[in-house]
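Please open the structure in a viewer and keep a selection tool at hand. The tour below proceeds step by step, with each stop naming what to select and what is found there.

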Amino acid sequence: MTTLSLEQRLTMLADSAKYDVSCSSSGSNRKGAPGGIGGTSSGGICHTWTADGRCISLLKILLSNACIYDCAYCVNRSSNPVPRTALTPDEIVHLTMAFYRRNYIEGLFLSTGVITSPDHTMELLIRVARTLREIERFNGYIHLKIVPGADVGLIEEAGRYADRVSINIELPSRRSLQLLAPDKPRESIIEPMRRLSGLIETARRERRQSRKAPRFAPAGQSTQLIVGATPENDREIITLSEGLYQRLGMKRVYYSAFVPVSGDSRLPALPGPPLLREHRLYQADWLLRFYGFSSHELLDEAHPNLDMRLDPKCDWALRHIERFPVEVNRADYQALLRVPGIGVRSAQRIVRARRACRLGEEELKRLGVVLKRARYFITAGGRYLGGVRLDAPELLTRLTAPAKRKASHDQLELFPAAGDISAVTGEL
Amino acid sequence: MRRYRYDGSFEGYLCALSRCLAESVESPEFLCETLPEMSLFHELAVTVETDGEIANAFRQLFAATVSSSAFSTLRYAFCSEHIEIERLLWEYARLGFETGPRLGSMLADKRVNIVDRLARKVAGEAHRYKGFVRFREVEEGFLYASIEPEADIIRFIAPHFVQRVGDRPWMIHDLRRSRAAVYDRKNWRLLVDITLAEPPRFSEAEHECADLWRRYFRRLAIEARINPKLQQKLVPLRCRRHLVEFDES
């Protein structure tokens with residue numbers, strides 16, 4: 001297995017790791033310690049962007065791409081006839097230090113296929129993290145994948161070295177998991193997530209009382225969902241995410257547009273990854289986390305899927321047109337956040353700037369508020385900026401009319417029935 | 001109209017600014033000694049000596065009258081090297097002394113807005129360069145990085161790298177301004193007029209490491225999602241010359 005060169009193994013394992021979306025190095029703030037190297041910065045730092053436009057912040061790598069499980073959606077499934085290889089813990093430590101020192105990365109994101117058993121695999125991951133922290137005195141970011149089914153003691157140890165931990169749910173519903181990942185019952189994923197959430201909460205509480213209390217994953221836990229491999233609608237996905245944020249204190253839920261990595265008959269044949277749908281889900285996710293929306297406001301039984309033509313906030317606003325227009329000089333922060341086109345930063349700047357003067361259209365522009373969509377939903381100093389009647393069907397036409405970029409137009413055509421993939425698989 | 005000549009440094013500018021405000025000059029002009037084409041007016045200008053104490057006193061007065069975040073806005077904006085930056089900051093500072101802490105919320109005012117925008121741009125670039133600096137190992141252990149940022153951000157990022165790579169001596173070289181932040185494992189200092197006599201010779205390990213990184217970087221892109229336009233927005237072409245992963249040779 002190790003007859004391949006380091007370079008070959010590195011690229012093979014990068015290939016296997018790249019479908020994991022998470023790459024953030026945020027949420028943890030640790031100053032460099034004397035005698036050690038590195039630190040973390042709470043906002044995270046991106047170091048470069050690959051040709052697909054995704055950022056590289058961490059060295060994202062698998063320890064091994066051999067796996068005892070056979071999950072249909074996964075490139076590393078046991079039945080996939082691809083060459084298997086591994087890096088030794090020492091090689092990973094060495095690479096991490098060499099890359100980190102040259103400022104290629106903020107740290108390490110280590111995942112792996114499951115080798116022999118969950119406990120054995122978890123021990124290998126911990127060995128890497130422990131060597132980095134204790135021998136190399138590495139203070140940079142470490143994101144460790146938690147192997148479902150690993151012993152609690154091992155999970156606790158992993159969290160002592162890691163800044164962030166994650167377990168990927170991958171499939172949004174029990175039925176899909178049963179079908180595509182028969183080796184992983186849903187409980188085996190949710191249960192350790194719940195346990196992690198408890199450990200993170202306890203450690204946080206104890207550290208508030210004493211700075212000497214041990215850390216446990218100070219940057220929290222995250223997870224990932226694959227979108228488009230199974231027939232769940234957006235409402236199921238967003239409701240699940242909301243539950244994860246609220247009940248498990250999840251830091252991030254990542255959505256990964258399904259890229260077919262096998263010709264398995266249980267999987268849909270998509271013309272390409274559903275990137276626009278993934279984008280809309282992220283927008284909805286942001287509305288949950290930073291804009292005070294709840295999932296039932298965005299999606300309900302009558303609207304189980306996000307509108308591909310409009311961002312979810314615009315869609316919501318058109319269905320609640322009676323709440324508009326809002327006056328930018330008076331509306332409270334929460335109401336400003338609900339105006340399409342006004343983001344967190346714009347809302348904050350409006351609130352700050354209106355203390356000093358009354359805001360008209362000119363002032364808003366100067367503040368950098370993008371009025372393209374917002375103008376239809378606000379008044380500034382009593383004047384409505386939309387220039388048309390405030391009427392939902394009329395606005396819908398205006399807001400969706402110019403298909404400016406060809407790329408997004410193509411995608412609209414690709415996914416007219418994003419929620420109807422069951423028709424493709426025929427099995428669910 | 002009155003002309004003030006200063007040495008081009010931020011401290012120097014604060015001294016000139018503080019003198020000009022004390023003399024309540026209307027529409028002053030500031031000349032930077034490092035700009036040779038300005039020498040035509042040199043005879044007519046008042047030369048302001050750079051004095052750390054005066055600069056510091058100005059900082060304290062401004063922070064107390066307006067706010068320390070407004071001072072930091074001023075400092076970042078200065079490093080934008082905008083062609084009219086001295087005049088813009090003079091207006092900003094004068095307004096600040098008139099209005100006090102309220103300056104912070106006057107974002108919709110033209111005079112504040114432009115300074116605020118410049119400051120945010122510089123701060124944004126400084127943050128990006130915390131990611132874009134690429135150290136290359138020259139001799140045993142010595143790390144060298146070259147950058148060509150739009151704004152003069154080196155002083156904002158050097159402390160970050162002291163924290164980050166504190167166990168090695170390093171140098172971050174701004175080729176555009178021929179300046180370098182140099183760290184000797186204890187302190188960092190800013191050196192001016194630094195140019196290399198010959199291109200740095202990298203160690204054997206350096207070539208291997210850069211090569212591994214390049215291969216890793218290329219492999220990490222997902223074929224089905226390739227989007228060079230997006231990539232170019234995030235990593236502008238002008239930055240790529242100094243990023244080993246974009247080095248095609």
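The tour begins with the domains of one chain and ends with the nonpolar core. Please bear in mind throughout that this is a predicted model.

**The domains of chain A**

Select residues 6–232 of chain A, which the domain assignment gives as domain 1, and then residues 312–414, given as domain 2. The C-alpha centres of these two domains of chain A are 39 Å apart.

**The six-stranded sheet**

Next, display strands 3 to 8 of chain A. They form an open sheet of 6 strands in the order 3-4-5-6-7-8, with parallel pairing. Which strands stand at the edges? Select residues 58–62 and 252–257 of chain A: these are strand 3 and strand 8, the edge strands, each of which pairs on one side only. From one strand to the next, the twist averages 20°.

At one end of this order, strand 7 and strand 8 of chain A run parallel and are joined by 6 bridges. To view one pairing, select A:Thr223 together with A:Val253, its bridge partner in strand 8 of chain A.

Now add the helices that pack on the sheet. Select residues 6–17 of chain A, helix 1, which touches strand 3 and strand 4 (107–111) of chain A. The direction of helix 1 of chain A makes about 95° with that of strand 3 of chain A. Then select residues 118–135 of chain A, helix 3, which packs on the sheet and touches strand 4 and strand 5 (141–145) of chain A. Here the direction of helix 3 of chain A makes about 170° with that of strand 5 of chain A.

**A residue with positive phi in chain A**

Select A:Ala217, in the loop between helix 6 (186–209) and strand 7 (221–227) of chain A. Phi of A:Ala217 is near 40°, a positive value in a residue other than glycine. Is A:Ala217 buried or exposed? A:Ala217 is buried, because 28 other C-beta atoms lie within 10 Å, and 20 or more are required for a residue to count as buried.

**The three-stranded sheet and a cis peptide bond**

Move on to strands 9, 10 and 11 of chain A. These 3 strands form an open sheet in the order 9-10-11, and the pairing is mixed. Strand 9 and strand 11 (383–384) of chain A each have a single partner strand, so one side of each has no neighbour in the sheet. Strand 9 of chain A runs parallel to strand 10 (residues 378–380) of chain A, and 2 bridges join them. Select A:Glu327 to see that it stands opposite A:Thr379 in strand 10 of chain A.

Then select A:Phe324 and A:Pro325, which are joined by a cis peptide bond with omega about 0°. A:Pro325 belongs to the loop between helix 10 (312–319) and strand 9 (326–327) of chain A.

**The domains of chain B**

Turn to chain B and select residues 3–125 as domain 1 and residues 133–246 as domain 2. Taken over C-alpha atoms, the centres of the two domains of chain B are separated by 31 Å. How many residues of domain 1 of chain B are in contact with domain 2 of chain B? There are 5, and they meet 5 residues of domain 2 of chain B. On the domain 1 side, the residues divide into 2 nonpolar, 1 polar and 2 charged.

Within chain B, select B:Glu81, in the loop between helix 3 (68–78) and helix 4 (85–99). B:Glu81 is not a glycine, yet its phi is positive, at about 60°. B:Glu81 is partly exposed, with 16 other C-beta atoms within 10 Å.

**Where the chains meet**

Display both chains. Their contact takes 39 residues from chain B and 41 residues from chain A. On the chain B side, the elements that give two or more residues are helix 5 (110–132), helix 6 (154–164), helix 7 (204–219) and helix 8 (228–234) of chain B. Helix 7 of chain B provides the largest share, 7 residues. The residues of this side divide into 21 nonpolar, 7 polar and 11 charged.

**The nonpolar core**

Finally, select A:Leu125, A:Ala129, A:Ala158, B:Ala77, B:Leu89 and B:Ile172, the residues with the most contacts inside the largest nonpolar core, which has 186 residues. Helix 5 of chain B gives the most to this core, with 8 residues. To finish, centre the view on B:Ile172: leaving aside neighbours within four places in sequence, its contacts include B:Val133, B:Ile154, B:Phe161 and B:Ala180.

Terms used:
Residues numbered from 1 in each chain as written. Chains lettered and ligands numbered in written order. Predicted model: local features only at pLDDT ≥ 70, side-chain atom pairs only at ≥ 80, totals over all residues. Domains from an automatic or database assignment. Contact = placed C-beta atoms within 7 Å. Nonpolar A, V, L, I, M, F, W, Y, C, P; charged D, E, K, R; others polar. Helix = DSSP H or I, 4+ residues; strand = E, 2+ residues; numbered from the N terminus. Buried ≥ 20, exposed ≤ 12 C-beta atoms within 10 Å, placed from the backbone. Pairing = 2+ DSSP bridges. Axes fitted to C-alpha atoms, helices over the stretch in contact; angles between N-to-C directions. Core = buried A, V, L, I, M, F, W, Y, C linked by C-beta atoms within 7 Å.
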